[in-house]
Amino acid sequence: MYFKGINSYGDRGLVLDFGNETSKSISQEVNETFLNISNLSLQSLNIIPSFNKIVVIFENSKIRDQNKDKISMKMKDTKSQTNKNVTKTWEIPACYNEDFALDIKIIQKLHQITKEEVINLHSSVRYYTYYIGFMPGFPYLGDVPSQLITPRLATPRVKIPARSIGIAKNHTCIYPKVSPGGWNIIGQIPFDIFDLQSSYPSLFLPGDEVKFYSVSLSEFEKIRKYNFSLNELIKEYSS
Amino acid sequence: MNSIIITRAGTHSTIQDFGRFQYQHLGVSPSGAMDQRIITELQKIIPNHQNQFLEFAYVGPSIKVKEGSVKICVGGNCNMSIQKNNNSQLECQPYKSINLFEGDELIIHNTIDSVYGYIAFEHGLGLEPCLNSYSTDTKAGIGSINRPLNDEDIFHISKDVSSWDLISIPIPDLEKVTNFKVYPGPQLQYFSDNTLQSFISGVFTVTNQSDRMGIRLKGESLISSKSHDILSEGILPGSIQVPSDGQPIVLMRDIPCTGGYPKIAILNEVDISRISQLPPETKITFDLQTIY
């Protein structure tokens with residue numbers, strides 16, 4: 001148990017505190033707690049997990065105070081802390097072709113490794129989805145192998161292409177759409193991961209496991225043409 | 001069928017409602033009207049607004065009835081007039097319902113000593129919700145219209161005006177507030193007693209680098225005794241975050257969903273609406289509440 005306690009955040013928010021460290025096991029507890037309190041049917045406006053905090057937002061202080069006890073009770077109830085099998089495991093095709101791998105040379109140079117080694121290392125690990133943030137559907141995945149850990153770009157790129165795969169520090173990510181950003185871009189995936197037409201618009205959820213596998217440019221283009229819906233993607237690429 | 005056309009979009013005109021909730025854990029900001037007091041008032045005059053309010057800032061839009069007729073009401077402190085089809089001009093006021101007929105053009109010139117104004121339309125604007133809300137987040141490209149409004153945008157309102165009766169309410173008392181009571185933020189302890197004293201006794205100026213995402217303030221530098229870089233965590237509108245230059249930013253409706261700067265304090269909900277109406281160069285002060 002990393003859970004430290006519940007603090008107020010202004011007059012209408014709560015912060016569930018899981019300490020100041022960050023690790024996969026802390027995040028697992030955060031994300032299980034997130035699912036548990038999401039199932040409490042609280043009168044909350046938003047429940048936001050991150051590395052070691054969960055922020056819960058209410059309309060006003062009265063509703064906040066009424067709901068705080070429900071959360072406290074749930075946190076004490078250690079017997080029913082089960083919600084483990086709802087997350088998915090993804091196998092995601094990734095094209096590391098030079099047209100997409102805009103910054104792969106930075107990583108090669110920093111770690112003195114070949115392009116193939118970067119690709120093999122990046123696609124060798126089953127990543128954990130710490131949380132979704134920064135922009136709609138943007139997954140913070142980690143941790144990348146130590147030979148790939150690379151600082152953010154000194155000057156952020158103004159326009160990162162949609163679906164780009166990035167590395168910054170010990171995390172990897174996918175940009176759901178065109179965006180400015182400072183991650184080192186090493187490839188691209190062939191489908192969209194955020195769909196506003198869907199009632200549950202994000203492909204990835206906090207706690208999901210994600211593994212990339214390398215595909216050729218022609219395979220990438222073939223998958224790109226299918227134009228999968230989110231539901232089709234779930235059937236095709238998750239278990 | 002009734003339809004209206006935007007003849008001049010104005011600045012930063014977007015569709016907003018009371019906010020988009022339950023999606024912030026997927027990176028979707030709450031958005032919603034900057035001054036929620038005004039759309040709350042407009043509900044009394046146009047109860048059937050369908051949550052499709054037009055928000056404008058500084059320079060208002062002009063809208064012309066292309067076909068049929070519509071009933072609307074404007075909220076906020078603004079200059080406006082109606083150019084009738086027969087070339088005559090009509091005076092009109094906020095918080096009074098307005099009936100517009102084919103060829104009539106409502107011209108909202110500007111907001112007065114404030115920033116945001118709103119138009120409510122009876123039966124809404126014929127829009128479909130996006131993630132259960134009509135609000136627009138232009139940066140994320142989310143909304144029933146996922147961009148600011150443009151000249152020539154056309155809206156179709158299929159239902160006819162229910163009654164031509166003119167409805168008005170007393171002009172709501174939305175007095176200008178420049179002293180804000182704030183609650184301690186989650187990283188209050190990142191600032192020394194001296195720095196907190198500067199925060200409470202200092203005067204901060206609203207800068208023109210302010211928008212729906214945040215209001216940037218200029219004043220005495222609030223340097224953290226610990227760090228200006230925290231591990232990203234969930235944030236809510238009204239939070240006052242302090243990046244490493246020490247100049248505080250009040251986060252507004254289109255917040256980034258998580259943030260990595262320490263938050264010294266947070267405003268209450270109604271003060272988010274109040275502070276949104278302060279034009280650049282307004283001087284403000286903060287009063288830290290200890291009980292929360």
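Author: Two strands pair if DSSP finds at least two bridges between them. The model discussed here is predicted.

Reader: How many bridges join strand 3 of chain A to strand 4 of chain A?

Author: Strand 4 of chain A covers residues 53-57 and runs antiparallel to strand 3 of chain A. Across this pairing, A:Ile47 stands opposite A:Val56 in strand 4. The number of bridges joining the two strands is four.

Reader: Which strands of chain A stand at the edges of the sheet?

Author: The sheet is open, has four strands with antiparallel pairing, and follows the order 1-2-4-3. Each edge strand has a single partner strand, so one side of it is left without a neighbour in the sheet. The strands at the edges are strand 1 (5-9) and strand 3 (46-49) of chain A.

Reader: What angle does the direction of helix 1 of chain A make with that of strand 3 of chain A?

Author: Neighbouring strands of this sheet are turned by 20° against each other on average, direction ignored. Helix 1 (residues 24-38) packs on the sheet and touches strand 2 (13-17), strand 3 and strand 4 of chain A. Its direction and that of strand 3 make an angle of about 170°.

Reader: Does A:His171 count as buried, exposed or partly exposed, and why?

Author: A:His171 lies in strand 10 (residues 171-174) of chain A. Leaving aside neighbours within four places in sequence, its contacts are A:Tyr140, A:Leu141, A:Gly142 and A:Val144. A buried residue needs 20 or more other C-beta atoms within 10 Å, and an exposed one has 12 or fewer. Because A:His171 has 17 C-beta neighbours inside 10 Å, it counts as partly exposed.

Key: Residues are numbered from 1 along each chain as its sequence is written. Chains are lettered from A and ligands numbered from 1 in the order in which they are written. This is a predicted model: local features need pLDDT of at least 70, side-chain atom pairs count only at pLDDT 80 or more; totals for chains, interfaces and linings use all residues. Axes are lines fitted to C-alpha atoms, for helices over the stretch in contact, and angles run from 0 to 180 degrees between N-to-C directions. Two residues are in contact if their C-beta atoms, placed from the backbone, lie within 7 Å.
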